[in-house]
Amino acid sequence: MITIKFRGGIIRLLLPLVLFITSCSTPLNELIYLNGIDPGITYTSGPMPEEYRIRSNDQLFIQVISDDPMNAAFLNLVNTQGSMGSYGNSANSLELVTYLVDDEGRISYPQLGDIHVEDKTVSEVRDIIQGKVDSYLESASVFVKLVNRNITVLGEVKQPGQKLMVKNQLTIFEALGSAGDISDYGNRKKVKLIRELPEGKHVAELDLTNPQVIYSPYYYVLPHDIIYVEHSTKVYGAKNLPYAAPLSITASIVSIGLLILNLFRK
């Protein structure tokens with residue numbers, strides 16, 4: 001049984017709750033992106049993203065284009081009049097129109113033989129294939145595109161999962177935007193970016209509240225990057241509670257306290 005003999009007892013009753021609610025809040029400066037950045041100023045460009053280099057299990061769409069499509073037909077998996085969009089985006093459809101880079105970093109091009117493409121850029125692969133095609137056809141052009149341009153966004157975001165890179169120069173903010181932005185419980189000061197390099201996997205940590213992040217070499221994401229948003233421990237206790245729960249609990253305790261106080265006044 002709880003006995004409250006004086007008005008100060010209610011204060012002592014409510015104080016732990018107030019401290020709990022305060023501890024479950026996040027300071028505003030930890031929620032603002034690029035906090036303190038000066039508007040109206042043109043900032044110099046930071047490091048541009050390095051050009052992606054092809055790795056094993058990548059899928060390449062390759063098309064040879066000629067003035068006479070029939071002449072180039074034997075060099076294509078699909079009719080040169082068609083387009084990737086007409087084949088959909090399912091895994092089975094992509095396998096029919098793309099070349100898969102094997103574990104040794106090669107693609108098997110039936111008419112041109114095995115071609116080593118690992119650790120090369122898309123433009124370098126195009127040049128290699130163009131040189132081989134020139135020995136068969138005159139005035140033919142080669143088009144090469146990386147198909148599986150995906151990034152993975154995990155952690156405290158509203159829509160986690162794999163996201164398609166819609167352009168070459170995609171910033172960390174655009175990547176998070178494709179996942180619905182960081183949730184109220186995400187730690188914007190410790191966003192991890194995992195990037196696979198030739199020498200191994202590199203983990204970078206970004207503080208998105210710091211304006212200097214625009215100069216980070218990881219400001220732009222690359223295909224296959226993994227972005228992980230940590231949970232903020234300041235709100236851990238209230239994560240699974242509805243937003244109105246703290247207010248409801250407060251109102252209930254205040255009501256009980258006032259009721260007990262009134263009983264002692266009689």
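These legends accompany close-up views of a predicted model.

**View A. The largest nonpolar core brings together 24 residues.** Start with I172, L176, L208, V221 and I227, which touch the most other members of this core. Several elements each supply two or more residues to the core: strand 6 (150–155), helix 5 (172–178), strand 9 (186–197), strand 10 (200–206), strand 11 (220–221) and strand 12 (226–231). Helix 5 is the biggest contributor, giving three residues. As a general point, nonpolar side chains in soluble globular proteins tend to be buried together.

**View B. V221 and its contacts take centre stage here.** Setting aside neighbours within four places in sequence, you will find V221 in contact with I151, M165, N168, L170, I172, A175, L193, R195 and I227. Two of these partners, I172 and I227, are, like V221, among the residues that touch the most other members of the largest nonpolar core.

**View C. A second nonpolar core lies separate from the one around V221.** This core has 23 residues. Look for A72, Y99, V101 and Y109 among them.

**View D. Strand 9 pairs with strand 10.** The two strands run antiparallel and are joined by seven bridges. A hairpin takes the chain from strand 9 to strand 10 through two residues. Beside this turn, have a look at L197, whose bridge partner in strand 10 is G200.

**View E. Strand 9 also pairs with strand 12.** Here five bridges link the strands, again in an antiparallel arrangement. To find your bearings, pick out K192, which stands opposite Y228 of strand 12. Strands 9 and 12 each give two or more residues to the largest nonpolar core as well.

Definitions and conventions: Residues are numbered from 1 along each chain as its sequence is written. This is a predicted model: local features need pLDDT of at least 70, side-chain atom pairs count only at pLDDT 80 or more; totals for chains, interfaces and linings use all residues. Side-chain values use heavy atoms; hydrogens and water are left out. A nonpolar core is a set of buried Ala, Val, Leu, Ile, Met, Phe, Trp, Tyr and Cys residues joined through side-chain atoms within 4.5 Å. Buried means under 20% relative accessible area, exposed over 50%, partly exposed in between (1.4 Å probe, protein chains only). Helices (H or I, at least four residues) and strands (E, at least two) are DSSP runs, numbered from the N terminus. Contact means heavy atoms within 4.5 Å. Two strands pair if DSSP finds at least two bridges between them.
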